[in-house]
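These are my notebook entries on a single protein model. I went through its pockets, its helices, its ring pairs and a few chosen residues in turn.

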Amino acid sequence: MINAKFINHSKEDQILSFEITGHAGYAEAGEDIVCAAVSVLAIETVNSIDKMVSHQMTVKEADDEGGYLFAQVKPNLSAEQAQVTQILLKHLYYSLEDVANTYPNYVKIETI
(Lines give C-alpha, C1' and ligand atoms only; values in the text may rest on other atoms or scores of the structure.)
Protein backbone atom coordinates (compact mmCIF):
# COMPACT_ATOMS: atom_id res chain seq x y z
CA MET A 1 0.00 0.00 0.00
CA ILE A 2 1.08 3.57 -0.66
CA ASN A 3 0.87 5.90 2.33
CA ALA A 4 0.89 9.65 1.75
CA LYS A 5 1.31 11.96 4.74
CA PHE A 6 0.84 15.69 4.49
CA ILE A 7 2.16 17.90 7.28
CA ASN A 8 0.07 21.06 7.61
CA HIS A 9 0.56 24.24 9.54
CA SER A 10 -2.92 24.26 11.02
CA LYS A 11 -2.94 27.95 11.92
CA GLU A 12 -2.46 28.98 8.30
CA ASP A 13 -3.76 25.80 6.60
CA GLN A 14 -0.58 25.47 4.58
CA ILE A 15 1.13 22.26 3.56
CA LEU A 16 4.67 22.28 4.94
CA SER A 17 5.77 18.88 3.63
CA PHE A 18 4.63 15.55 2.31
CA GLU A 19 5.98 12.02 2.57
CA ILE A 20 4.97 9.14 0.31
CA THR A 21 6.04 5.60 1.17
CA GLY A 22 5.46 2.12 -0.15
CA HIS A 23 4.24 0.52 -3.35
CA ALA A 24 0.63 0.00 -4.30
CA GLY A 25 0.85 -3.69 -5.11
CA TYR A 26 -1.95 -3.27 -7.65
CA ALA A 27 0.07 -5.07 -10.35
CA GLU A 28 3.59 -6.29 -11.16
CA ALA A 29 6.40 -3.74 -11.02
CA GLY A 30 6.42 -1.79 -14.26
CA GLU A 31 2.73 -2.55 -14.83
CA ASP A 32 1.28 -0.90 -11.71
CA ILE A 33 -0.92 2.01 -12.81
CA VAL A 34 -1.64 3.11 -9.24
CA CYS A 35 2.07 3.38 -8.38
CA ALA A 36 2.67 5.18 -11.67
CA ALA A 37 -0.12 7.68 -11.03
CA VAL A 38 1.09 8.52 -7.53
CA SER A 39 4.72 8.76 -8.65
CA VAL A 40 3.96 11.06 -11.56
CA LEU A 41 1.76 13.34 -9.46
CA ALA A 42 4.33 13.68 -6.67
CA ILE A 43 7.43 14.07 -8.82
CA GLU A 44 5.81 16.52 -11.21
CA THR A 45 4.55 18.62 -8.30
CA VAL A 46 8.11 18.98 -7.00
CA ASN A 47 9.36 19.71 -10.53
CA SER A 48 6.60 22.25 -11.18
CA ILE A 49 7.37 24.10 -7.95
CA ASP A 50 11.00 24.27 -9.03
CA LYS A 51 10.17 25.51 -12.54
CA MET A 52 7.22 27.79 -11.83
CA VAL A 53 8.30 29.25 -8.50
CA SER A 54 12.10 28.98 -8.70
CA HIS A 55 11.97 27.14 -5.40
CA GLN A 56 13.73 23.83 -4.90
CA MET A 57 12.05 21.97 -2.08
CA THR A 58 14.15 19.92 0.33
CA VAL A 59 13.78 16.44 -1.16
CA LYS A 60 14.78 12.97 0.00
CA GLU A 61 14.01 9.92 -2.09
CA ALA A 62 14.81 6.21 -2.18
CA ASP A 63 13.45 3.10 -3.83
CA ASP A 64 15.06 0.51 -1.55
CA GLU A 65 12.58 -2.04 -0.18
CA GLY A 66 9.69 0.29 -1.06
CA GLY A 67 9.19 3.67 -2.63
CA TYR A 68 9.99 6.79 -0.62
CA LEU A 69 9.68 10.50 -1.36
CA PHE A 70 9.82 13.31 1.18
CA ALA A 71 9.53 16.96 0.12
CA GLN A 72 9.52 20.00 2.38
CA VAL A 73 8.89 23.66 1.65
CA LYS A 74 11.88 25.82 2.53
CA PRO A 75 11.29 28.89 4.71
CA ASN A 76 11.47 32.52 3.62
CA LEU A 77 9.57 32.34 0.35
CA SER A 78 8.14 35.52 -1.09
CA ALA A 79 4.37 35.90 -0.83
CA GLU A 80 3.96 35.00 -4.51
CA GLN A 81 6.26 31.95 -4.25
CA ALA A 82 4.37 30.75 -1.17
CA GLN A 83 0.98 31.20 -2.84
CA VAL A 84 1.88 29.27 -6.00
CA THR A 85 3.66 26.58 -3.96
CA GLN A 86 0.52 26.06 -1.86
CA ILE A 87 -1.70 25.87 -4.94
CA LEU A 88 0.51 23.16 -6.42
CA LEU A 89 0.77 21.22 -3.13
CA LYS A 90 -2.99 21.35 -2.61
CA HIS A 91 -3.45 20.17 -6.20
CA LEU A 92 -1.23 17.20 -5.33
CA TYR A 93 -3.26 16.49 -2.20
CA TYR A 94 -6.61 16.59 -4.04
CA SER A 95 -5.26 14.53 -6.94
CA LEU A 96 -3.93 11.85 -4.57
CA GLU A 97 -7.26 11.94 -2.74
CA ASP A 98 -8.98 11.12 -6.05
CA VAL A 99 -6.59 8.20 -6.63
CA ALA A 100 -7.18 6.97 -3.06
CA ASN A 101 -10.96 7.16 -3.52
CA THR A 102 -10.72 5.18 -6.75
CA TYR A 103 -8.24 2.61 -5.34
CA PRO A 104 -8.91 2.59 -1.57
CA ASN A 105 -7.12 -0.73 -1.03
CA TYR A 106 -3.89 0.65 -2.51
CA VAL A 107 -3.53 4.29 -1.43
CA LYS A 108 -4.05 5.91 1.99
CA ILE A 109 -3.76 9.66 2.71
CA GLU A 110 -3.18 11.17 6.13
CA THR A 111 -2.99 14.81 7.18
CA ILE A 112 -1.06 15.73 10.30
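**Entry 1: Leu41.** I took contact to mean heavy atoms within 4.5 Å. The model is predicted, and I kept that in view throughout. I looked up Leu41 and placed it in helix 1. Leaving aside residues up to four places away in sequence, I found that Leu41 touches Leu92, Ser95, Leu96 and Val99. For Leu41 and Ser95 I noted 54 residues of separation in sequence and a C-alpha to C-alpha distance of 7.6 Å. I then asked whether Leu41 is buried, partly exposed or exposed. Its relative accessibility is 22%, so I entered Leu41 as partly exposed, given that buried means under 20%.

**Entry 2: helix 2.** I turned to helix 2, which runs over 79-102. I asked how far apart its end C-alpha atoms are. They are 35 Å apart, and at 1.5 Å a residue the 24 residues should span 34 Å, so I recorded that the two values agree. I listed the buried residues of helix 2 as Thr85, Gln86, Leu88, Leu89, Leu92, Tyr93, Ser95, Leu96, Val99 and Ala100. I also asked what covers these buried residues. The cover includes strand 1 (2-9), strand 2, helix 1 and strand 5 (107-111).

**Entry 3: Ser17.** I located Ser17 in strand 2. Its relative accessible area is 5%, and I therefore entered Ser17 as buried. With residues up to four places away in sequence left out, I found Ser17 touching Lys5, Phe6, Ile7, Phe70, Ala71 and Gln72.

**Entry 4: aromatic pairs.** I counted 5 aromatic pairs in the structure. One of them joins Tyr26 and Tyr103 edge-to-face, with 5.3 Å centre to centre and 75 degrees between the planes. I asked which parts of the chain this pair ties together. Tyr26 is in the loop between strand 2 and helix 1, and Tyr103 is in the loop between helix 2 and strand 5, so the pair connects parts that are 77 residues apart in sequence. I entered Tyr26 as partly exposed because its relative accessibility is 36%. Tyr103, at 24% relative accessibility, is likewise partly exposed. I also noted a cluster in which ring pairs link Phe6, Phe18, Tyr93 and Tyr94.

**Entry 5: largest pocket.** I read about 260 Å³ of space in the largest pocket. I found 15 residues lining the largest pocket, with Ser39, Ile43, Gly67, Tyr68 and Leu69 nearest its centre. Helix 1 (33-53), strand 3 (58-62) and strand 4 (68-72) are the elements that each give two or more residues to this lining. I asked which element gives the most. Helix 1 does, with 5 residues. Sorted by class, the lining of the largest pocket has 9 nonpolar, 4 polar and 2 charged residues.

**Entry 6: second largest pocket.** I read about 170 Å³ of space in the second largest pocket. I recorded its lining as His9, Glu12, Gln14, Leu16, Val73, Lys74, Pro75, Asn76, Leu77, Ala82 and Gln86. The elements that give two or more residues to this lining are strand 2 (14-21) and helix 2 (79-102). By class I entered 5 nonpolar, 4 polar and 2 charged residues for the second largest pocket. I marked Gln86 as a lining residue of this pocket that is also among the buried residues of helix 2.

Definitions and conventions: Residues numbered from 1 in each chain as written. Predicted model: local features only at pLDDT ≥ 70, side-chain atom pairs only at ≥ 80, totals over all residues. Heavy atoms only, no water. 1 Å grid on protein atoms, 1.4 Å probe; cavity = no way out; pocket = protein on both sides within 12 Å on 5 of 7 lines; lining within 4 Å. Points joined across faces, edges and corners; volume = space filled by probe spheres on them. Helix = DSSP H or I, 4+ residues; strand = E, 2+ residues; numbered from the N terminus. Nonpolar A, V, L, I, M, F, W, Y, C, P; charged D, E, K, R; others polar. Expected span 1.5 Å × (residues − 1). Buried < 20%, exposed > 50% of the residue type's maximum accessible area, 1.4 Å probe, protein only. Phe/Tyr/Trp six-rings, centres within 6.5 Å; stacked < 30°, edge-to-face > 60°.
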